[in-house]
Amino acid sequence: AIDISKLRDQSGYVTLDIGYKNTGATKSAITFLDGEQGILKYRGYPIEQLAERSTFIEVAYLLIYGELPTQQQLADFEYKISRHTLVHEDMKKFFDGFPSKSHPMGQLSSLIGALAAFNPQSLKQGLTAEEVNEEIIKLIAKMSTIVSWIYKKSLGHPVVYPQNKHDYVTNFLYMTFGERTEEYKVEPVVVDAMNKLLILHADHEQNCSTSTVRIVGSSDANLYASISAGISALWGPLHGGANQAVIEMLERIKEDGGDTDKWIAKAKDKNDPFRLMGFGHRVYKNFDPRAKIIKKACDDILEQLGINDEVLDIAKKLEEHALKDPYFVERKLYPNVDFYSGIIYRALGFPTEMFTVLFALGRLPGWIAQWKEMKENHEPIGRPRQIYVGHENRDYQDIASR
Ligand code: ACO
């Protein structure tokens, strides 16, 4: 119980909303989300239409600049990004120092933070809109190169340098799965799947990592530092890390004989810390529209690639059983975007530890758009209040007498 008298501090009453479950921290024109009805729109465009008809780079443009680009605007945007895909060779020395088995998210957040050190012009206060834009383009371009480096390192393979003739997603797949010597041919179904996954992850209003990006940026910290902080927030298994956790959970269920009811019972047991990974969402209380799209994409892609993944059957069984269970129904717990995304990533050839990094690659335009909006609106520094519940007054004692 909360002592109401404690809600008052010197400046008046403070709203206590632990976890910000019902606190609006900003006004935003980027993403609309209706959790009750399962609606998600970027800049007014339904996610279903964007996932079906757009590309990741077009969606990035939409999120960051507010409008769908004309053909010329898109061509310029793509051209500028392709000019910046190379990463400073000295960054590579730094990258080479990571142990080969270090987690990809730890590498990603450090490397993106390090980009600030390699781009000192980005630290200047009062950058013009054009200068900010230059950093935005660089970040989008270099992120895909860095993500592919991290993958190559996990295999002990040499990195593959970008080829600017490719579009963004193909270039990313080339640097990730291609070899230096061969002419890389990527299946259109793989490019489509990757575009879809990146689009579905591109923004999700004021979630944990996005709020982190905005709050770090509100201190006037540079773009790279703000995004690096967002990547760290995304890493947690209750947020972006859930996509890795889902596959690990499905694998465990498979190895355990595939008895989904047993695992559902475990998730319901309040004495057991286990939760059904990929189930539940802070704002979606009916269904996650991204999960619907991704479930269908998952079926299509596995079929087109001719893959039969037992884990997909377990996922479907788990979903079917959980959705009939009063525990999940009463608490409005449905599969979220990451329940099926890992199965597609796996089918495309990504190891489990890379999944959250791929989420970050997709979320990047959203983080940038939110950071830019916060700057353009001249929002004040983010600084929540608290209700102090600690000791009132104590006298310091020498260590020998404690
Ligand atoms: N399995 C079992 N029980 C669950 C689950 C789950 N996955 N999720 C929530 N619950 C239960 C809680 O135990 C709680 O039960 P209670 O009322 O009996 O105490 C109730 O449902 C409400 O849960 P909260 O944790 O209060 O809900 P909140 O909105 O704070 O959390 C969250 C949302 C973090 C996503 C949660 O559902 C969860 O941990 N899910 C699993 C992890 C996951 O998939 N995260 C990805 C989120 S999507 C994304 O970031 C891209």
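Which residue in S4 is the bridge partner of Leu-33? In this predicted model, the bridge partner of Leu-33 in S4 is Leu-40, and that pair is a convenient place from which to begin reading the strands. S3 and S4 pair in the antiparallel sense over four bridges, and the hairpin that they form has four residues between the strands, with Gly-38 taking a positive phi near 65°.

The sheet continues beyond this hairpin, since three strands form an open sheet in the order S3-S4-S5, with antiparallel pairing. Strand S3 (31-34) and strand S5 (45-46) stand at the edges and have a single partner strand each, so one side of each is left without a neighbour in the sheet. Strand S4, which covers residues 39-42, pairs with S5 in the antiparallel sense over two bridges, and Tyr-42 has Tyr-45 of S5 as its bridge partner.

Two residues in the loops around these strands deserve attention for their backbone angles. In general, most residues other than glycine have a negative phi. Arg-43, in the loop between S4 and S5, nevertheless has a positive phi of about 50° although it is not a glycine. Arg-43 counts as partly exposed because 19 other C-beta atoms lie within 10 Å, where 20 or more would be required for a buried residue. Tyr-20 is found in the loop between strand S2 (12-13) and S3, and its phi is likewise positive, near 45°, in a residue other than glycine. With 13 C-beta neighbours inside 10 Å, Tyr-20 also counts as partly exposed, because a residue is called exposed at 12 or fewer.

Turning from the strands to the chain as a whole, the secondary structure comes to 17 helices and five strands. The radius of gyration is 23 Å, close to the 21 Å that the globule rule gives for 402 residues, and the chain is therefore as compact as a globular protein of that length. Along its principal axes, the C-alpha trace spans about 70 × 55 × 50 Å, and buried residues make up 41% of the 402 residues. Among the contacts with a separation of 6 or more, 76% are accounted for by residues 24 or more positions apart.

Helix H6 offers a closer view of the helical part. It covers residues 129-155, and at 1.5 Å a residue its 27 residues should span 39 Å, which agrees with the 40 Å between its end C-alpha atoms. Just after H6, Gly-156 takes a positive phi of about 80°. Within the helix lies Ala-141, which counts as buried because it has 22 C-beta neighbours inside 10 Å. Leaving aside residues up to four places away in sequence, Ala-141 touches Ile-81, His-84 and Thr-85. Between Ala-141 and Asp-76 the separation is 65 residues in sequence, while in space their C-alpha atoms are 13 Å apart.

The last part to consider is the surroundings of the ligand. There are 18 residues around the ligand, of which Ala-242, Arg-275, Phe-279, Gly-280 and Arg-282 come nearest. By residue class, the shell around the ligand divides into eight nonpolar, six polar and four charged residues.

Methods. Residues numbered from 1 in each chain as written. Predicted model: local features only at pLDDT ≥ 70, side-chain atom pairs only at ≥ 80, totals over all residues. Near = placed C-beta within 6 Å. Nonpolar A, V, L, I, M, F, W, Y, C, P; charged D, E, K, R; others polar. Rg over C-alpha atoms; globule rule 2.2 N^0.38 Å. Contact = placed C-beta atoms within 7 Å. Expected span 1.5 Å × (residues − 1). Pairing = 2+ DSSP bridges.
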